[in-house]
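Here are some notes to read alongside the structure, written for someone opening it for the first time. They are in numbered points, so feel free to pause at each one and find the place on screen.

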Amino acid sequence: MIKIDRLKASIDDKEILKGIDLEIPAGEVHVIMGRNGSGKSTLANVIAGNEAYEVDSGSIAMNNNDITEMSIENRALEGIFLCFQYPVAIPGVGMAYFLRSALNAHRKHQGKDEMDALEFLNNAKKILSELGLDDSFLKRSINDGFSGGEKKKSEILQLLTINPKLAVLDETDSGLDVDALRTVAKGVNKFKNENNSVLIITHYQRLLDYIKPDVVHLMIDGKIVKSGDMSLVEKVEKDGYSWLEN
Amino acid sequence: MLQGLVVVVLVFQHNMVDKNQQVIDKTIDQEYKYGFSTDVDQTKFEPGLDEEVIAKLSKIKEEPKWLLDWRLKAFRKWKKMSEPTWAKVDYEPIDYQALSYYAAPKQKKNNSLDDVDPEILETYNKLGISLDEQKRLEGVAVDAVFDSVSIATTFKDELAKHGVIFCSFSEAVKDYPDLIKKYLGSVIPANDNYFAALNSAVFSDGSFVYIPKGVRCPMELSTYFRINATNTGQFERTLIIADEGSYVSYLEGCTAPMRDENQLHAACVELVAHKDATIKYSTIQNWYSGDMEGKGGIYNFVTKRGNCLGDNSKISWTQVETGSAVTWKYPSVIMRGDNSVGEFYSVAVTKNKQQADTGTKMIHIGKNTKSTIITKGISAGEGQNTYRGGVKILKDAENAQNFSQCDSILIGDKCGAHTFPYIDVKNPSAKMEHEATTSSIGEDQLFYCNQRGIKLDDAVSMIVNGFCKEVFEELPMEFAVEAKQLIEVTLENSVG
C-alpha cells in the first residue's frame, strides 16, 4: 500500500525526519508511538503533502506510484486520508456541502458519477447514527464551535464517507473521553478491511485496546528505532522510551 | 470603433435547486465574460458639459421646465463643488469635458419588443437576460437600460393590475409628474455631494417604482444596467416609493464591455418607505474592473440613500461588489419614523489593482430605531478594500440600537483591508455594538480542504463563500447563486 523509503524532511531548515523507512501492506494496521517532538505528526503531515514541510531526500510511494512530489489534493485523491489532530474550523461552510464536495472530487477522480444529494444524505445519516451524532450535525459549519469529541467524530465521518486506501490517524485519541474513544475506534474498525491500511499515531495504549495493530513502531528523534508487536506497547507504557536510547 | 449602448438588464439564473449545493460544481471562465460590446446605431452627444448640453438633453427627453430648472440648479452647484478626496482611493483626474453625456440607440422606444434593435436583444440574451416575457420565469419583472436610455420593461401590464408602477424614469417624468416632482431629490438633495450634483444635472434615465398602499409587490423588480458606448458617462437615477404598508424587493445588476479607458458611472438611488412599508434593495455590481495592470475599468461613484419616513418602516440594502476599477459607494438609511429599521449587508471583493471604499451611513432620528451593518471585505492581488461606515444617533432617538460587524479577509500579501467606523451618539439610551475582524485565508484551512481532495481554487471559493454566508443569505435566491458564482470566478487563481 504505502512505502516510505529513507525519508528525510525538515521545517524551517530544521531536520525533523532523519531517514524513515516504513511499509504498510494492504489489510494491516500499524502504530507509531514516540515522545513529543519525535517527529510523529511531522511524518503524518509529510505523508499528506503539507507544504509547510520540505522533503530533503527519500521517497513516498502509494501502490508503487511515487507521490513524493505530488500535490496535496492529488495525494488525497490517490487514497491518502489524514485524520487531523487539530481539525481547523471553516466558518460558514456547511458539513454536508463540504463532505459532498470532497466525496465527489474523489468519485470524479475514480471515473464515477457524482453522488446525488439524496443518496449522499442517506449514506451520511447512516454513518452519523453509528457515530452517535444527530442529523443536524450536517448543517453545522465545519468544525466551527465543535467540542473536542465532535471534531474527532467529524474526522471519522469524513473517513467513512470518503473511504480512502490509507487512513493516517494523527493522535485522534487525544482529548477524548472513554465513550468518544470507543465511538472513534468503532468507526476505524468499520473502515478497515483487507484492501486498505491504517496508520495510527498515538501516545497511549488506550486506543489500541479497541483497535488491534499488526505492527508497532517506536520513533525517537526522527527515526523508527524499533518495530514489533503489541508487546512493545506494553513495554512503553511501563518503561517509557529511555531504554531505547541505550 | 464599435459604437455603444448602455443596457439595463437583469441577469438571472433560474432552476437552481439548492443554492448551497450549486456552486463549486460549475467551471466558469476566468475572464470577464460580459466584456463584449455591441455595435448599434446610436445618437450620441459630442463630449463636453455646459448648460446648453443639459438643455439639449432635457429637450430630447421632452421634460417639463421645472425639471430643466432643477437640473440647471444642480449643475450650477456642481460647478462650485470640488471632487471629494477623503476616500482611500487613488485614480487619475477625470476630465468631465472629455465625456459624452448622452448616448442612446437610434431606435425609438416603443411598447413592443419588435421595435427593439435585434442587436440589443441579442446583447441581453448574451448577458443571460431574456426580455421576452414568455421566455422568462414568472416572478421577475425587468427594466432594461442600454447606455443612457431604458430599452424595455417587462411585465408592466401584470404589475399594473396590482397598481404597481414600474417604468423607466423618463416615462415616469411624463406619466407621473406629480410623484416625480414630490420625491425627486427628497432623499438625496441635488447638492448633497459632488457626484450626486453631477448626476442631478445630467441623469439620463433609470427606473421608477411606486408601490401603492397595502400592496405586496407580486414579483421581484429588477434593473440591469449596461454601459456600452465609449467615452460616455452613465448617470442613471432610480427612485422607489413604497407607500403605507407595502413591500417591494428590487434587484440591480450591472456589466460593461472591456475597454482600455476608464468609464464614469455616477448614479443616484433614492428610496422612500412610508409607514409600515418595507423596501429590500439588492445589487450585484459587476462592472468591468480593468485588467491585471489596472488599465481600464469603471469608476463607480454612486450615491444611494433610503428614507424610512414612516413609523415601523424598513429599508434593507444588500450589495455584492465585485467589479469596477474604483468604487465609492455608501448606501445609507435615514430612520426618521419611530421603530424604523435600516440594514446594510455588503460583500466587496477587490483583486488586481481594484480599489473599493464602501460602507454605509445609518442615521437614527426616530425612537426605537434599529440598524444592522454586516460587511465582508475580500482583498486579493493588489486590491485595496476599505469599509467606511457612520452611525449617527440623534438627540431624540430614544433607545436606538446599532449592531455593526465588519470582517475582512486577505488573500495573498500585497492587498490591503482598512476599516473606518465613525460613531456619533447624541442620546445616552443608545445601544451600540461594533465588531471587526481581519484575517488571512489560513494555510491550514486550505490544507484541510486540499487534503480532502478539493482543489485550491475550489477551496478558496468555498472558504470565501462561507465567509460571506451571512450576506448571501439576505439575497433573493437567484441572486445568491449568481453572487457565489461571481465570487468564484473573480477569485480564480488568486492563490497559488
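1. Let us begin in chain B of this predicted model, with a pair of facing residues. B:I409 has B:S439 as its bridge partner, and B:S439 sits in β23(B). The two strands involved are β21(B) and β23(B), the latter covering residues 431-440; they run parallel and are paired over 10 bridges.

2. Now look at the other partner of β21(B). Strand β21 (residues 401-411) of chain B is also joined to strand β19 (residues 370-380) of chain B, again in the parallel sense, and here there are 11 bridges. To find the register of this pairing, pick out B:G377, whose bridge partner in β21(B) is B:S408. As general background, strands of a sheet pair through backbone hydrogen bonds, and the pairing may be parallel or antiparallel.

3. Stepping back to chain B as a whole, you should be able to count 11 helices and 23 strands. The chain has 496 residues, and 59% of them are buried. Among its contacts with a separation of 6 or more, 84% link residues that are 24 or more positions apart.

4. One residue of chain B is worth a closer look: is B:A172 buried or exposed? B:A172 is buried, because 23 other C-beta atoms lie within 10 Å and 20 are enough to count as buried. This alanine belongs to helix α5 of chain B, which spans residues 169-175. Leaving aside residues up to four places away in sequence, B:A172 touches B:C167, B:I180 and B:F208. Of these, B:F208 is 36 residues away along the chain, yet the C-alpha atoms of B:A172 and B:F208 are 6.5 Å apart.

5. Turning to chain A, you will find seven helices and 12 strands. Its radius of gyration is 18 Å, close to the 18 Å that the globule rule gives for 246 residues, so chain A is as compact as a globular protein of that length. Along the principal axes, the C-alpha atoms of chain A fill a box of roughly 60 × 40 × 35 Å. Buried residues make up 43% of the 246 in this chain. As for contacts in chain A with a separation of 6 or more, 70% of them are between residues 24 or more positions apart.

6. A good landmark in chain A is an open sheet of six strands, with mixed pairing and the order β6-β9-β10-β3-β11-β12. Which strands form its edges? They are β6 (80-83) and β12 (223-228) of chain A, each of which pairs on one side only. From one strand to the next, the twist averages 20°.

7. Within that sheet, follow β10(A) and its two neighbours. Strand β3 (residues 29-34) of chain A pairs with β10(A) in the parallel sense over five bridges, and A:M33 stands opposite A:T202 of β10(A). Strand β9 (residues 166-170) of chain A also runs parallel to β10(A), with five bridges joining them. In that pairing, A:A167 faces A:V198, while A:L169 has A:I200 as its bridge partner.

8. How many of the six residues of β10(A) are buried? Six of the six are, and the strand covers residues 197-202. In a regular strand, side chains alternate between the two faces of the sheet. Both faces of β10(A) are covered: A:S197, A:L199 and A:I201 are buried on one side, and A:V198, A:I200 and A:T202 on the other.

9. Two helices help to place this sheet in its surroundings. Helix α6 (residues 178-191) of chain A forms a right-handed β-α-β unit together with β9(A) and β10(A). Helix α7 (residues 231-239) of chain A lies across β3, β11 (215-220) and β12 of chain A, at about 40° to β11(A).

10. Finally, please look at where the two chains meet: 24 residues of chain A are in contact with 20 residues of chain B. On the chain A side, α2 (72-78), β7 (90-94) and α3 (95-109) each supply at least two residues. Which element of chain A gives the most to this side? That is α3(A), with six residues. By type, the chain A residues that touch chain B divide into 15 nonpolar, eight polar and one charged.

Terms used
Residues are numbered from 1 along each chain as its sequence is written. Chains are lettered from A and ligands numbered from 1 in the order in which they are written. This is a predicted model: local features need pLDDT of at least 70, side-chain atom pairs count only at pLDDT 80 or more; totals for chains, interfaces and linings use all residues. Two residues are in contact if their C-beta atoms, placed from the backbone, lie within 7 Å. Helices (H or I, at least four residues) and strands (E, at least two) are DSSP runs, numbered from the N terminus. Ala, Val, Leu, Ile, Met, Phe, Trp, Tyr, Cys and Pro count as nonpolar, Asp, Glu, Lys and Arg as charged, and the others, Gly among them, as polar. The radius of gyration is taken over C-alpha atoms; the globule rule is 2.2 Å times the number of residues to the power 0.38. A residue is buried if 20 or more other C-beta atoms lie within 10 Å of its own, exposed if 12 or fewer, and partly exposed in between; C-beta atoms are placed from the backbone. Two strands pair if DSSP finds at least two bridges between them. A crossover is right-handed if, with the strands pointing away from the viewer, the path from the first strand over the helix to the second runs clockwise. Axes are lines fitted to C-alpha atoms, for helices over the stretch in contact, and angles run from 0 to 180 degrees between N-to-C directions.
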